[in-house]
Each structure stands twice: as C-alpha cells, then as structure tokens.
Amino acid sequence: MKILANYGIVVKGKLFDTMIAHYLINPDMRHNMDVLSETYLKYAPKSIETLIGKKGKNQLSMRDVNLEDIKEYAAEDADITLQLKEVFSPILDKAETKKLFEEIEIPLIPVLAAMEMEGINLDADFLKSMATDMQKEIADFEQKIYETAGEKFNLASPKQLGDILFDKLKIGGAKQKKTKTGQYATGEEVLSYLANEHQIVKDILDWRQMVKLQNTYIEALPNQIDKKTGRVHTDYMQTVAATGRLSSNNPNLQNIPIRTAQRSNAKTVNFGIIYGVSAFGLSNQTSLSRSESAALIDAYYKTYPRLKSFIQEQIDFARNHGYVQTVLGRRRYLKDINSANAVVRSAAERNAVNAPIQGSAADIIKIAMINIHKKLTSENWKSKMLLQVHDELVFDVHNTELEKIQPMIKHEMENAFELSVPFEVEIGSGRNWLEAH
DNA sequence: AGAAGTCTCGC
DNA sequence: CAAGCGAGACTTCTT
C-alpha cells in the first residue's frame, strides 16, 4: 500500500535472529536455522510487570508536550519525566536499571517527540481513489454472499455469520469449534480450513480482508491527518509493552500493511520454536502433521543443543529471581513463574524466553535511535527520522543527502550495542515506504 | 456509555 | 492445553 508521498529510506535490522544467536553464542546460527527449517518445509504445502509499566497505566504521549520542555528532559517539572520516574521508582535503586532509565529511556523522549511532531505524509489522493474502488468491490462481494446465504444479515457480526455458516448451510459437518462464550468460531484459521467446502467461505475471507483494509487503513488514515500540518502524527507509547518495545497509536503506524508477502515458513518455524510452540501449534500453522512438527522441533533441539539449555537457564533464573532481564538489564517480572497452575506457569515460562530476546532487540534499536537523532541534529542534516517499527526505522530524506546518509544510518544501527555476534542491517530507498522496502 | 468479545493488521 | 508483543474496528452485552 502506497502511504508516503515523500522520498524515504528504510533501515531494517535482523534483530530477532541476532538476539537468538547472541544468547546462544553461535555466530552462524541464524543462517543455519533458516537452512534447517527450509529443508524441512521445502515440500510442505504453503498453507502452512515489567520494568516499564502495565497496559492501560502510565501511558505516555509525547504529542501534547512542548518540544522545548522535552529538550530539558532532566527538568523535574517535565510531565513525562515525572511519569517515567513514577513507573521506574520501584527499581531506580538498582544500578543497572537506573542506567537504563537515565541513559536510554529519558534520552529517547525528545527523539520520540521529534518524530511525532515531524509526522508523516499520506498520499491522500491515492487513498481516496483506492477507497472508491474498494467500496465497489466490497459491495459486490456482499451481494454475492447474501444471495448464496439466501438472506441478508450483518456480515460483520461473527455471531450471525456463524449461525448462517454452520446452522443454516451446515458447512463442515456437525462438530464446529466454539468460542469461549459458546458461539461458533469464525476466525481466519477456521474459515481457511473450510475454504474448499463452500465458495461462500472463500468469499467471506476475501470480504474480511478488504473490509479490514478499508476500515482500518484506507478510510481511517486520512481522517487522522492533522489540519495544521497536513500530516499524520502518531503517539508513541513508551511504557505500555511489557518487553520494553514501543507501541504506536492514533494512528498505529506499526501495523501498516506494507508488503503482501507475510512471514516465510522458515521464519514461522524459528519464531515458534523459540517461543515454545507445541507440535500442535506448529502443525496448525504450517500444515505439517503433528508428528512431522514434533520431529522438526526435536531436530531443532538436536542441532542446537545450546537452545535447550538457554531456555532452561531463563526459566531457572526467573524462578530464582522472579524476573528475567535483557542485555541492558531491563527486567520483566514474572509473578506466575512458580504457579501451581501448569497453564499459567507455562505461559510465564514462555515469557521468560521471549522477554530477553524481544526486549533486548527493543533496547538496541532505542540506542540506535538516540545516536542517529543526535547525529542528525548536531551535524545539521536536513533529513528526519519518522517512524520506528520494532526492527525498522523510516526516514524522510532530503535528495541531496540520499547517498551520504545511508552509510551513517547503517553504521549506527549495526554498532548500537556490541553483541557476541554481528548485527546485520539492510537499507533501502524509494519514493515511498513501499518502494524503500 | 463503557466493557467485553471476536477478529485481523504489524513485528 | 497448545507461540511472544502490540492497536483498533466492529458487534454484543452490561450498567
């Protein structure tokens, strides 16, 4: 989807793979992991209280704060500094955490504020014409679906849809998955499984995708354009995600569909295994059978003996200390790690593995952002940093700086923090976000 | 009006 | 039972 009308560059770091390799101390691992899982999946069908806050509390927005105030970020009267201090207060006595607070989170505030205030350009004309085309297509699909169903109903209601599909049309037989409230489940996973049973299921999947794009992005984003600046200005939340990631809202610019290709099979497998996916879960997602999935997971552990011990070490550490931590000492407290309830405890154990990987990646890109912003301002670059999407930074680049700025940004990303393995970074440019990928 | 539930977009 | 972290659109239930 074409979003930016500016010239932009995107820098994307292999943060997830790098963090795993770092923790497992095997520099070649990220490549081997791809090869291994691709080998297994080659013939498979495609189908296949943290340190920094709690959800809903202490949400920080940079939008309403005067940039000049933020620049004086150490000042006691800066709202955000006070809020951050409140969130951090229980752990400010710990030396390592104090360092994280003072050297990462506080210096990040003016960086985020500048990005929010800079805003981002939307190609409003393009979105408008896209909305018109999309509206027509959505209406056509609705017509077709209602005809097939033999009645009109609220297609956006999973409840009504479930009754039509499973009670009236009796698709997929008698035994259908239910949600926790007892209505039929009609999620993507369920419908994809039934797609070959009835054309209406395929149509509903297509309709859902179009409506999602239309309502969440194509029509919603232009409404978020600021009248004064003509751009959209997201709010970055610094104290929401349990792992230390940022989040973005009003609008969320971290979930813009920028590429149609999802995640590769290898990625799905790597991702799942590190986070403790079961054979059941993997087979659901990849169309591998349960036993094939179990064999794949087993092969992973055999190929990477450090993987199992890393997982066990994280769990043991969490049991002993009540928290796990990232490379910079960012903590995630896991109150359920010793729970008697196996489901609850297992979830905490997966958190113990996930948090240091996801959180360390967040630490490292934050350092890179601070350093890049420092260079952009002190060296009087005209280009601006616009967005952060977890492992990716997006810049609005002045034409004259296009060649010169790329090595600088790449270098700052790759060298933000020294790990036991190199951190690989890709960089691309284009006239909009899509082209730059 | 607000909360809860369901679903789907991103990394 | 069954992969981590988010935001948000929409429907339905509760107050």
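This passage describes the chain A fold, its two domains, the protein surfaces near two DNA strands, and the setting of Gly172.

The model is predicted, so local features need pLDDT of at least 70 and side-chain atom pairs count only at pLDDT 80 or more, while totals for chains, interfaces and linings use all residues. Residues are numbered from 1 along each chain as its sequence is written, and chains are lettered from A and ligands numbered from 1 in the order in which they are written.

Chain A holds 17 helices and eight strands; these are DSSP runs numbered from the N terminus, helices being H or I with at least four residues and strands E with at least two. Of the 437 residues in chain A, 35% are buried, a term that asks for 20 or more other C-beta atoms within 10 Å of a residue's own, with 12 or fewer making it exposed, values in between partly exposed, and C-beta atoms placed from the backbone. The domain assignment splits chain A into domain 1 (8-122 + 230-436) and domain 2 (124-221), with bounds that come from an automatic or database assignment. Six residues of domain 1 are in contact with seven of domain 2, contact being a distance within 7 Å between C-beta atoms placed from the backbone. On the domain 1 side, the touching residues comprise five nonpolar, one polar and no charged. Here Ala, Val, Leu, Ile, Met, Phe, Trp, Tyr, Cys and Pro count as nonpolar, Asp, Glu, Lys and Arg as charged, and the others, Gly among them, as polar.

Turning to the DNA, a residue is near a strand if its C-beta atom, placed from the backbone, lies within 6 Å of it. DNA strand C has 37 residues around it, of which Ser157, Ser247, Asn249, Gly272 and Gly281 come nearest. Helix H15 (342-378) is among the elements that each supply at least two residues of this surface, and H15 gives the most, with six. By class, the strand C surface has 13 nonpolar, 21 polar and three charged residues. Around DNA strand B there are 19 residues, with Thr179, Glu188, Asn255, Pro257 and His390 nearest. H9 contributes the most here, three residues, and the class counts are five nonpolar, nine polar and five charged.

Finally, Gly172 sits in the loop between helix H7 (158-168) and helix H8 (188-193). Gly172 is partly exposed because 17 other C-beta atoms lie within 10 Å. Beyond its neighbours within four places in sequence, Gly172 is in contact with Leu194 and Glu197. Gly172 and His198, 26 residues apart in sequence, are 8.9 Å apart from C-alpha to C-alpha.

Notes
Contact = placed C-beta atoms within 7 Å.
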